[in-house]
Amino acid sequence: MIAETGLIALWLAAALALLQFALCTIGLVKGRDEFFAAIRPIAIAQGVLVTISFLILVWLFIRSDMSVKLVVMNSVAVKPLIYKISGTWGNHEGSMLLWVAILGIAGAGIGLFERTLKQRTLVTTLAAQAFISVGFYAYLLIASNPFERIFPVPADGQGLNPLLQDVGLALHPPTLYIGYVGLSIAFSFAVGAMINRDVGPDFAKAMRPWVLGAWVFLTLGITAGSYWAYYELGWGGWWFWDPVENASLMPWLAATALLHSVNVLATRDGLRAWTLMLAVVAFSMSMIGTFLVRSGVLTSVHAFAVDPTRGGFILALLAIYIGGAMAVFALRVGTVKEGSQFEPVSREGALVANNLLLSAILGIVFIGTLYPLFVEGVSGDMISVGAPYFNLATGPIALILVAIMAAGPLLRWRRDKAKALLNRISIPIFITAAALFGLVLFTTSMSTLSLLGLALAAGIAVASFAPLWKRNLRRTPMHTYGMIIAHFGVAVALVGMASESSFTEEKLVAASPGDEVIVNNWKVNFLAIEPIAGPNWTALEARVTAQYGDGAIHEIEPQNRMFPAAQTQTSEAALLTRWNGQLYVVLGDSDEQGRWQLRIWWKPFVTLIWYGGVLIALGGLLAMIGRLRRAVRQKRQREYAEALI
């Protein structure tokens with residue numbers, strides 16, 4: 001009966017989404033403003049119902065209710081609780097219900113908290129959001145019912161994919177989905193503003209928190225996913241340019257450009273058309289990512305392989321939403337009035353340059369990801385586009401991008417002078433030049449991109465704090481600190497990327513118990529192999545000690561795990577982290593002589609990649625909080641002034 005309750009709640013939420021769209025549309029077309037009063041309550045009720053439906057599915061997984069097909073296919077009774085909960089969205093149907101639940105909660109949030117937009121713009125925004133929701137509700141109820149029953153009821157389930165039995169599953173998909181949904185909200189705001197010709201600072205201020213929130217969660221999701229794949233898959237890399245990885249990167253690139261553009265529109269009433277276009281592009285990228293992951297066209301450890309029928313359904317939604325988005329933009333962009341003017345040498349000019357470069361990187365990733373699929377669909381030939389293409393094509397553009405990013409905050413709004421800018425960035429330029437000279441002098445065998453990346457990172461780290469020079473630190477707005485931390489995070493991540501690329505050392509050996517392996521300054525001793533058992537797995541565990549120079553001796557235990565329910569074997573890497581890098585050890589198979597394969601990497605400063613990602617997200621969070629606090633303070637001041645009058 002619990003499963004039926006979840007399905008009923010899902011049907012009711014779908015009905016309310018359809019009613020919300022119908023009332024909004026009729027009210028706007030027929031001028032029936034009296035319909036608008038019901039829109040907010042309906043949006044809130046829809047969000048409540050779909051949340052109830054999702055929580056019921058979580059409860060079914062916690063209970064290990066084997067009468068539900070989804071639980072049988074993706075869970076097992078002896079699985080730890082954390083994996084039962086996260087296993088709710090570790091599959092196609094459950095992850096789509098999580099997506100729709102976040103979509104409903106976001107719509108309810110607009111209904112509850114948005115008070116700055118004009119009524120017709122708000123109603124159109126909620127209509128666009130309901131239209132998006134209706135398509136995904138239809139997809140769930142028609143093609144991917146998460147509450148489908150199974151008979152006869154089996155004694156136990158088949159278990160979750162062992163690669164997903166990790167805390168990463170509790171962090172990576174939900175954060176990405178919140179980011180994707182945040183972009184759908186930005187798109188709905190853009191549709192509302194375009195249809196009602198209400199594109200201006202007020203619209204941008206209303207949309208900005210959603211864009212910031214989406215960008216923060218996308219950043220966290222990509223960072224968490226990168227680290228999860230790094231330690232779980234056992235191949236030692238932090239980014240493989242896998243098509244599904246690219247599917248999350250493309251919306252992030254568009255959202256980064258949109259974030260800067262909406263800031264200009266909100267504060268300086270500029271880049272109106274840019275903001276609308278980027279809102280449409282960012283949402284389109286999130287939809288394309290959804291299609292790639294869930295249509296079955298990709299074979300990837302990250303992808304949910306589904307049947308062609310459901311893939312066709314998603315493709316239809318993709319065509320409707322992206323086609324509709326592009327049509328609305330094409331029809332309405334001509335009516336958007338030109339915003340305030342600015343000179344090329346200005347902060348707005350730097351932001352436009354950054355947006356162009358971000359768009360160029362987005363285009364490169366888009367082509368590299370989809371071109372193999374296009375060729376396969378047209379000719380049947382199987383080709384691949386790998387890391388060499390992406391690194392060579394995007395690397396130089398990315399370095400130019402971060403260089404402009406360092407200078408942008410030091411430029412004045414509207415217009416500035418190139419000579420004055422050079423004076424302001426003289427110290428970062430000197431630091432970059434000194435770092436480049438030192439690297440050329442004291443290092444060997446570094447690639448040009450890595451060399452320039454490390455040198456630029458030094459200059460960016462200094463330039464990121466330049467906006468604080470000669471300022472009262474206590475009176476500096478929180479969003480300024482957020483920008484500083486985010487830009488500094490880029491420098492930190494860049495150091496990690498360049499160092500890992502240039503200085504990593506790897507050794508693959510066949511070792512017997514008692515053997516010692518030297519990697520860089522590490523002495524790694526292979527002591528023994530021992531069998532162990534976990535909650536729902538058994539494993540062969542290597543006992544290994546590692547000593548850096550003459551320092552302390554550490555014990556690490558790489559494993560080969562076997563999951564009986566899924567009949568799957570996985571490698572569990574052992575990581576030993578120091579301030580200057582990470583030792584990464586993977587246990588392989590044994591040979592006829594009783595030796596075991598050990599793969600050992602020393603990765604200098606690799607952890608800075610993820611520390612930088614966290615700093616970038618933290619900067620975005622502080623900026624969002626600062627902006628919201630300022631908006632609340634300004635609202636109270638206006639209310640106080642009106643009360644005095």
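Student: Let me start with the basics: buried means under 20% relative accessible area, exposed means over 50%, and partly exposed is in between (1.4 Å probe, protein chains only). Which of these is Trp241?

Tutor: Trp241 is buried, because its relative accessibility is 13%. One thing before we go on: this is a predicted model, where local features need pLDDT of at least 70 and side-chain atom pairs count only at pLDDT 80 or more, while totals for chains, interfaces and linings use all residues. Residues are numbered from 1 along each chain as its sequence is written, and side-chain values use heavy atoms, leaving out hydrogens and water.

Student: Got it. Where does Trp241 sit?

Tutor: Trp241 is in the loop between α8 and α9 (243-268). Helices here are DSSP runs of H or I with at least four residues, strands are E runs with at least two, and both are numbered from the N terminus.

Student: What's special about its phi?

Tutor: Phi of Trp241 is near 55°, a positive value in a residue other than glycine. Most residues other than glycine have a negative phi, and most peptide bonds are trans. Asp269 also has a phi near 55°, and you'll find Asp269 in the loop between α9 and α10 (272-294). Asp269 counts as partly exposed because its relative accessibility is 22%.

Student: And which residues does a cis peptide bond join?

Tutor: Phe151 and Pro152, with omega at about -5°. Pro152 belongs to the loop between α6 and α7.

Student: New topic! How many salt bridges are there?

Tutor: A search of the whole structure finds 10. A salt bridge means a side-chain nitrogen of Lys or Arg within 4 Å of a carboxyl oxygen of Asp or Glu. Side chains of opposite charge can pair when their charged atoms come close.

Student: What does Asp198 pair with?

Tutor: Asp198 forms a salt bridge with Lys118, and their closest N and O atoms are 3.8 Å apart. This pair links distant parts of the chain, 80 residues apart: Asp198 is in the loop between α7 (168-195) and α8, and Lys118 is in the loop between α5 (92-113) and α6.

Student: Are those two buried or exposed?

Tutor: Asp198 is buried, because its relative accessibility is 14%. Lys118 is exposed, because its relative accessible area is 56%.

Student: What about Glu506, which residue is its partner?

Tutor: That's Arg599, with the closest N and O atoms 2.6 Å apart. Here too the pair links distant parts of the chain, with Glu506 in strand β1 (residues 505-511) and Arg599 in strand β10 (residues 596-604), 93 residues apart. Glu506 is partly exposed at 44% relative accessibility, and Arg599 is partly exposed with a relative accessible area of 35%.

Student: Let's go to the surface. Which residues form the nonpolar patch?

Tutor: Phe366, Ile367, Tyr371, Phe374, Val378, Ile383 and Tyr389, with about 690 Å² of accessible area together. Patch residues have over 30% relative accessible area and no salt bridge; nonpolar side chains (Val, Leu, Ile, Met, Phe, Trp, Tyr) are joined within 5 Å, and like charges within 9 Å. The areas come from the Shrake-Rupley method with a 1.4 Å probe, and for residues only the protein chains shown count as cover.

Student: Which helix gives the most to it?

Tutor: Helix α12 (residues 347-379), with five residues. Phe374 lies in helix α12, and Phe374 counts as exposed because its relative accessibility is 56%.

Student: Where should I look for positive charge, then?

Tutor: Look at Arg115, Lys205, Lys635 and Arg638, which gather in a patch of positive charge on the surface. Lys and Arg count as positive and Asp and Glu as negative, while His and the chain ends are not counted. A charge is placed at NZ of Lys, CZ of Arg, CG of Asp or CD of Glu. Lys205 is in helix α8 (residues 201-232).

Student: What does Pro209, also in helix α8, touch?

Tutor: Pro209 touches Met624 and Leu628, not counting residues up to four places away in sequence. Contact means heavy atoms within 4.5 Å. The C-alpha atoms of Pro209 and Ala623 are separated by 9.2 Å, although these residues are 414 residues apart along the chain.
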